[in-house]
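Work through the exercises below with the structure in view. Try each task before reading its solution.

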Amino acid sequence: MSAPSYKPRHLPGLEGLRAVAALGVVLTHVAFQTGLDPRSVAGSLLARFDFFVPVFFALSAFLLWRNHHNDHDSATIGRYLLNRAGRIMPAYLACVIAVILLLPEAARLSGGQILANLTLTQIYVADGLAPGLTHLWSLSVEVAFYLALPLLALTVGRLPRRLRILVILGLAVLSLGWAWLPFVTAGPDVAAGIPNRQIWPVAYAPWFAVGMLAAEFSGRTPAWARRVLSVRWVWWWLALAAAWVAGQEWFGPVGLTHPEPAEFVRRVLAGTVFAFAVVVPEALAPGSRWLSSPVMQALGRWSYSIFLWHVAMLSLAFPLLGLNYFSGGFWPVLAVTLALTLPAAAASYVFLEEPGTRLVRAATRRRARAAESPA
């Protein structure tokens with residue numbers, strides 16, 4: 001007996017993992033902005049909690065590839081794209097507009113920066129990352145994957161399963177050469193109008209490949225593999241070890257120093273290990289009780305909005321506490337940031353995310369019924 005013949009439609013543990021990922025990103029940003037020493041054990045570990053970004057990428061790739069790799073007709077692809085837009089854009093636009101209008105640091109944004117952030121194209125523009133919105137570079141990358149997924153379904157998705165797996169692996173390996181391409185190493189250079197091409201979507205193919213490959217094994221994981229994946233503490237320790245190693249100065253630059261190609265690739269590979277260790281056990285051997293608890297499920301539902309709003313709320317925590325950036329105060333800044341972010345995220349979910357999703361789903365159902373009805 002190798003595997004069950006079914007794929008669970010809903011995996012509550014993955015919802016809980018979204019909460020863990022969102023809170024991990026909050027921790028890494030609080031640690032950086034309070035000046036936690038990246039050479040300390042805690043500082044080096046928290047500095048690489050930005051590896052929860054590849055966790056988000058792998059989660060999205062797993063769920064979307066599992067559900068949409070067979071989307072081969074225009075109507076199905078159209079519904080998928082509309083549903084993605086309805087899922088992410090209402091809350092995203094509300095966050096961007098609020099930060100631009102209300103955050104003092106964003107008062108001097110240029111028209112180009114504003115347009116780039118409104119259209120999720122900020123990583124393609126020199127100096128496109130705006131105060132209070134810098135973390136949204138990763139959402140720009142993820143949206144590129146959303147847009148590429150139909151093309152992948154029409155090409156890779158048509159292949160036999162074993163060949164699909166080999167092609168996904170091959171594309172991930174090939175992407176590691178991206179950092180060495182001459183037009184990538186030429187930047188970033190704001191004065192010359194050259195954006196940071198190192199962080200363009202193709203560079204992160206291994207992080208998405210983790211989720212896509214897990215999706216290929218969903219519902220057909222061998223029993224021995226499920227037993228190994230069920231030993232959760234081993235995988236969490238592996239993730240923490242990968243983060244700690246990647247946070248050491250000998251592994252690559254800390255802080256905002258632009259990495260050399262080899263340093264960047266090492267960081268991508270470490271993030272791949274981290275994402276695998278966090279996502280794959282719960283995706284292929286689900287059953288974590290604490291991730292499925294009501295609290296983690298609620299935080300998981302709010303996780304997208306937690307991610308959206310936390311940097312703006314973090315910037316408010318410093319004046320509220322009378323602290324300067326990089327002057328310490330990790331715990332009080334974290335407490336205030338969460339106190340501001342969680343209610344904002346809950347409201348964003350209820351009043352923006354849910355209505356946007358419902359409206360788009362209702363529209364796609366009407367279009368489907370109209371297409372099926374006789375002329």
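**Exercise 1. The core around Y204**

Task: Find which residues Y204 touches, leaving out residues up to four places away in sequence.

Solution. Keep in mind that the model is a predicted one. Start from Y204 and set aside its close sequence neighbours; the residues it touches are then F57, W137, V141, Q198, I199, F264 and V268. Next, place Y204 in a wider setting. The largest nonpolar core has 106 residues, and Y204 is listed with F145 and L308 as having the most contacts inside it.

**Exercise 2. I199, a partner of Y204**

Task: Locate I199, decide whether it is buried or exposed, and list its contacts.

Solution. Step one is the location: I199 sits in the loop between α8 and α9. Step two is the accessibility. A residue counts as buried under 20% relative accessible area; I199 has 13%, so it is buried. Step three is the contact list. Beyond four places in sequence, I199 touches I123, W137, V141 and Y204. W137 and V141 are also among the residues that Y204 touches. As a last step, take a distance: V184 is 15 residues from I199 in sequence, and their C-alpha atoms are 9.2 Å apart.

**Exercise 3. L308**

Task: Describe where L308 is, how accessible it is, and what it is in contact with.

Solution. L308 belongs to helix α13. Its relative accessibility is 0%, so it counts as buried. With neighbours within four places set aside, its contacts are A91, Y92, C95, H135, L136 and L139. For a distance along the chain and through space, take S348: it is 40 residues from L308, and the two C-alpha atoms are separated by 9.6 Å.

**Exercise 4. L46 and I97 compared**

Task: For L46 and I97, give the helix and the accessibility class.

Solution. Begin with L46, which is in helix α2, residues 41-47. Its relative accessible area is 13%, so L46 is buried. Outside four places in sequence, L46 is in contact with L27, T28, A31, L36 and F330. P343 is 297 residues away from L46 along the chain, with 24 Å between the C-alpha atoms.

Now take I97, in helix α4, residues 74-102. The partly exposed class runs between the 20% and 50% limits; I97 has a relative accessible area of 42%, so it is partly exposed. I114 follows at 17 residues' separation in sequence, and the C-alpha to C-alpha distance is 8.9 Å.

A general tendency gives the background: in soluble globular proteins, nonpolar side chains tend to be buried together.

**Exercise 5. Backbone details in the loops**

Task: Find which peptide bond is cis, and where the residues L120 and F326, with positive phi, are located.

Solution. The peptide bond from G187 to P188 is cis, with omega near 0°. P188 lies in a loop, between α8 (182-185) and α9 (205-217).

For L120, phi is near 60°, which is positive although the residue is not glycine. L120 is in the loop between α5 (111-118) and α6 (137-155). Its relative accessible area is 6%, so L120 is buried. F326 also has phi near 60°, again in a residue other than glycine. The loop that holds F326 lies between α13 (294-321) and α14 (330-372).

**Exercise 6. The whole chain**

Task: Count the helices and strands, then check the radius of gyration against that of a compact globule.

Solution. There are 14 helices and zero strands, so every element in the order from the N terminus is α. For 375 residues, a compact globule would have a radius of gyration near 21 Å; the protein has 21 Å, so the two agree. Along the principal axes, the C-alpha atoms fill a box of roughly 60 × 50 × 50 Å.

Three further values complete the picture. Buried residues make up 50% of the 375. Of the contacts with a separation of 6 or more, 80% join residues 24 or more positions apart. The exposed area is about 17700 Å², with 68% supplied by carbon and sulfur atoms.

Finally, consider charge: there are 29 positive and 17 negative charges, and their mean positions are 12 Å apart.

How values were computed: Residues are numbered from 1 along each chain as its sequence is written. This is a predicted model: local features need pLDDT of at least 70, side-chain atom pairs count only at pLDDT 80 or more; totals for chains, interfaces and linings use all residues. Side-chain values use heavy atoms; hydrogens and water are left out. A nonpolar core is a set of buried Ala, Val, Leu, Ile, Met, Phe, Trp, Tyr and Cys residues joined through side-chain atoms within 4.5 Å. Buried means under 20% relative accessible area, exposed over 50%, partly exposed in between (1.4 Å probe, protein chains only). Contact means heavy atoms within 4.5 Å. Helices (H or I, at least four residues) and strands (E, at least two) are DSSP runs, numbered from the N terminus. The radius of gyration is taken over C-alpha atoms; the globule rule is 2.2 Å times the number of residues to the power 0.38. Accessible areas come from the Shrake-Rupley method with a 1.4 Å probe; for residues, only the protein chains shown count as cover. Lys and Arg count as positive and Asp and Glu as negative; His and the chain ends are not counted. The place of a charge is taken as NZ of Lys, CZ of Arg, CG of Asp or CD of Glu.
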